[in-house]
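Trainee: I am new to this structure. Could we go through it by question and answer?

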Amino acid sequence: MRVVIAEDEALLRQGLALVLEQDGFEVVSAVGTAAELEDAVGEHQPQLVITDIRMPPTFTDEGLVAAHRIRASSPDVAIVVLSQHVQRRYAIELVGTGQGKVGYLLKQRIADVRTFTQDLRRVVRGGTALDPDVVEILLSRAQVLGGGVERLTPRQREVLGYMAEGRSNSWIASAIGFSEKAVVQHTSKIYDALGLAVDADDHRRVLAVLRYLTR
Amino acid sequence: MSSSPPGIRAQPNPSHAPGAFLVALVASLGILLAGMQLAVILPGSQQPVTAVLIVYTAVFVVYIGAGVLAWMRRPSNGMGPLLIAASLAVYAGNLGNASVVVLALVGDVFATVVFAAIVQLLLAFPSGRLRGTVSRVVVSAAYAVAVLPGVGALIAPGDPQAQDVFVLTQRLGGLAVMVVTAGLLARTVLAADAVFRRLLLPLYGYGIFAVLAVPASAALFDVLGAQGSVALATIQLIILAGVPVAFVAVILRGGFPRSGGWEELSEALAVVREGKTPLRDALARTLGDETLRLVFTGEDGAWIDERGEIIDPPPVGGQRALIPVMVEGRTVASIEYDPRLTVDGDYVRRVGQVIAVAIDRARLSVELLRSRRELMASRARLVDAADRERLRIAQDLHDGLQMQLVLLALEAQQIANAAEEGEATSARSRVLRVNIDAAASDLRRLVHDVLPLPLVGRGLGNAIEDLVDRMPIPTALEMTSLEEIPTAAATTAYFVVAEALTNAVKHAHADRVTVTVARVDDVLRVSVTDTGVGGAHVEGRGLGGLVDRVEAVGGSLTVTSVVGAGTNLRMEIPCG
């Protein structure tokens, strides 16, 4: 799987490339700026782009802007945006409008290599990877503002969070030690409680949950 | 005010300021003279000559009226007295129409003196004094040429040939005087700035027209054979009457403001407002010079303007002159004025000395203003330095420590994942990785508290939204577009909102908060209202430091917090 990495810190760029190579990814280009990233995408036509948000020259949201441009010009390229700090607005901008193949994760998530590469592969397959931190912000906010989430049981809330992260039922089942069937029952109860339409597609499920959480 | 302390209200200076009595005296004298003249010249005359004679006397009244008006408006200026003198030339000229022989002789001598008077008025405008030898020579020549035929008639009566010579000499001499006068006036106009030119042109234009048109029209009517016609005389008189009218027009246009008396100047001593000393306005009125400037001398000898700003030394020479104001041998300020409007530097000096103590007081205020401004600037620099330090720390943590923690955690997890490691090592390495992640999470929060990165661009709106997103109680947010807010203002606004939100949760136990952030023109307005217990003070709960911060960037922070009725915090900072 061909990957392009954009990260301005050389050490982290190398570390990330190493981890990916060990896990069977083919890092075709590793660059340090958003402009180089766009060039590299045009040149290598990768299946996956991993980019830092904050890069030269302004160190604001260059990576995010580049991600949106790549999404517009090459919709088939999966994009995962990494950041030191996650916020709701960027999550909605990235995930809320697209057709999947997108991820928004804290940089620190790289360390848990297996989970991280699983997330990457899921995104490349058309899924979504939303950082647990930003999902937690969404859930708390929805709970504070009222509208259904506050009526969920703790377990249901946990499952809803995993759904928002873009996890599949089988992943959720192994994470909480339930059978996949039990997870399905949980999800349908959540759908009922929140008045959502049941959807088997993981990404469309994320969209529905996000729309619900940010309405 | 009868209780004015002695010395504050200076006595009017008789040489400059005509009292009401004097003005009334001159005015009534004028009316009396006009009446007497009509009594002398009218008997025996017939219509329409009678009407012309009355108009002639009316022209005298116009001159003296204009003179009195100018004298009142600008007591220190010589134009008023000059106009009054010119009125006497008109008066004397009209006596030529009297049937009494002696008066008629006087009238013949003064018949054209009014032209010389007009030349003098023009060359002496606006100060009333002639400047330069050429001007004086021209004016003397003008008077000499004017009286020449009349005097000649007295010396050589009944000699038509000699009289012809005198008249020809008058015409040629008059022409020469006018050519030189026009040259002098043109030079003055060319040297003048735009403001002064607007003051000069109408009067110069009309004056030259009058002096040339009256003799020219006489010559024209000579050629037409209509000498001595009533129409010609009326036209000439109206043109002459127009001269003082043009002068009054300039006065009323504001180019020639009324100079205040000493009283007005004294009243101005009472107040010195920030940034604007009424002293300058009073001085400008007194001297009739709107371009006047008061420049203070700082303790360190610097030139300071009325707003407390250090300025370049004022230019001196040509259109600007400088007179120092002294208190106890020290120069406390200087009056910068237009020497063309006020020729007498001693007069400016006297005016300055009268209010020297007040000027010194104004200087102290202005110096205070200056040091306050410097203090504000130094506070702003301190805040700026602190912000830059915060930014540096945040960036260092972000780019250094946070990245290293990612790499360390990665390393720990690699060890845990390595097949050759034993079970125990794997487990411990995994725990190590999780702990490093936790440390990284703490660090992330710390960095965010030190200074969220970044607040520029669309950063402020984003950052405030992020704060609100993380609120554990319902929080409404209203924002306008917050792009292009300067970093210092954005950072301050962010910390104020962050602190207010923390207080609403931690201290006020509010169950609802409303945040509005709006940029209105060049002011950034923040309001945070909660439904908590109230009773908060600006001094307490972390707000004290923020007040200093807000004030340092030139803003204001107010907190309204009644016990039991919630808290409202409002901040306004300039963000232009």
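Trainee: Which residues touch the most other members of the largest nonpolar core?
Mentor: This is a predicted model, and its largest nonpolar core holds 74 residues. Both chains appear among the residues with the most contacts to other members: A:Val80, A:Val81, A:Tyr104, A:Leu130, A:Ala164 and B:Val406.

Trainee: Which element gives the most to this core?
Mentor: Domain 1 (2–130) and domain 2 (135–213) of chain A each supply at least three residues of this core. The element that gives the most, with 7 residues, is H13(B).

Trainee: What does A:Leu130 touch, leaving out residues up to four places away in sequence?
Mentor: A:Leu130 is one of the core residues that touch the most other members. Two more from that list, A:Tyr104 and A:Ala164, are among its contacts. The full set is A:Ala91, A:Val95, A:Tyr104, A:Val135, A:Ala164, A:Glu165, A:Gly166 and A:Val206.

Trainee: How many residues are in the second, separate core?
Mentor: Its members include B:Leu95, B:Leu121, B:Val138 and B:Tyr206. The number of residues in this second core is 56.

Trainee: Why is E4(A) described as largely enclosed?
Mentor: Strand E4 covers residues 78–83 of chain A. On one side stand A:Ala78, A:Val80 and A:Leu82, and on the other A:Ile79, A:Val81 and A:Ser83, all of them buried. The strand is largely enclosed by the rest of the structure because the buried count is 6 of the 6 residues.

Trainee: In E4(A), which residue is the bridge partner of A:Ile50?
Mentor: Strand E3 (residues 48–52) of chain A pairs with E4(A) in the parallel sense, over 5 bridges. The partner of A:Ile50 in E4(A) is A:Val80.

Trainee: What share of chain A is buried?
Mentor: Chain A has 10 helices and 6 strands. Among its contacts between residues at least 6 apart in sequence, 62% join residues at least 24 apart. Of its 215 residues, the buried share is 48%.

Trainee: Which helix gives the most to the side of chain B that touches chain A?
Mentor: The contact takes 25 residues from chain A and 29 residues from chain B. On the side of chain B, helix H13 (356–417), helix H14 (423–450) and helix H15 (459–469) each supply at least two residues. The residues on that side divide into 13 nonpolar, 8 polar and 8 charged. With 10 residues, the helix that gives the most is H13(B).

Trainee: Which strands stand at the edges of the open sheet in chain B?
Mentor: In chain B, 4 strands form an open sheet with antiparallel pairing, in the order E2-E1-E4-E3. An edge strand has a single partner strand, so one side of it is left without a neighbour in the sheet. The edge strands are E2 (303–304) and E3 (321–327) of chain B.

Trainee: Which residue in E2(B) stands opposite B:Thr297?
Mentor: Strand E1 (residues 293–297) of chain B pairs with E2(B) over 2 bridges, in the antiparallel sense. Opposite B:Thr297 stands B:Trp303.

Trainee: Where in chain B does pLDDT stay under 50, with 14 contacts beyond four places in sequence?
Mentor: The mean pLDDT of chain B is 82, and 90% of its residues reach 70 or more. Over residues 255–260 of chain B pLDDT stays under 50, and the model has 25 contacts beyond four places in sequence there. The stretch with 14 such contacts is residues 268–275.

Trainee: What ipTM does the predictor give the complex?
Mentor: The predictor gives two scores for the complex. The pTM is 0.60, and the ipTM is 0.90.

Technical notes: Residues are numbered from 1 along each chain as its sequence is written. Chains are lettered from A and ligands numbered from 1 in the order in which they are written. This is a predicted model: local features need pLDDT of at least 70, side-chain atom pairs count only at pLDDT 80 or more; totals for chains, interfaces and linings use all residues. A residue is buried if 20 or more other C-beta atoms lie within 10 Å of its own, exposed if 12 or fewer, and partly exposed in between; C-beta atoms are placed from the backbone. Two residues are in contact if their C-beta atoms, placed from the backbone, lie within 7 Å. Ala, Val, Leu, Ile, Met, Phe, Trp, Tyr, Cys and Pro count as nonpolar, Asp, Glu, Lys and Arg as charged, and the others, Gly among them, as polar. A nonpolar core is a set of buried Ala, Val, Leu, Ile, Met, Phe, Trp, Tyr and Cys residues joined through C-beta atoms within 7 Å. Domain bounds come from an automatic or database domain assignment. pLDDT is the predictor's confidence in each residue, from 0 to 100. Two strands pair if DSSP finds at least two bridges between them.
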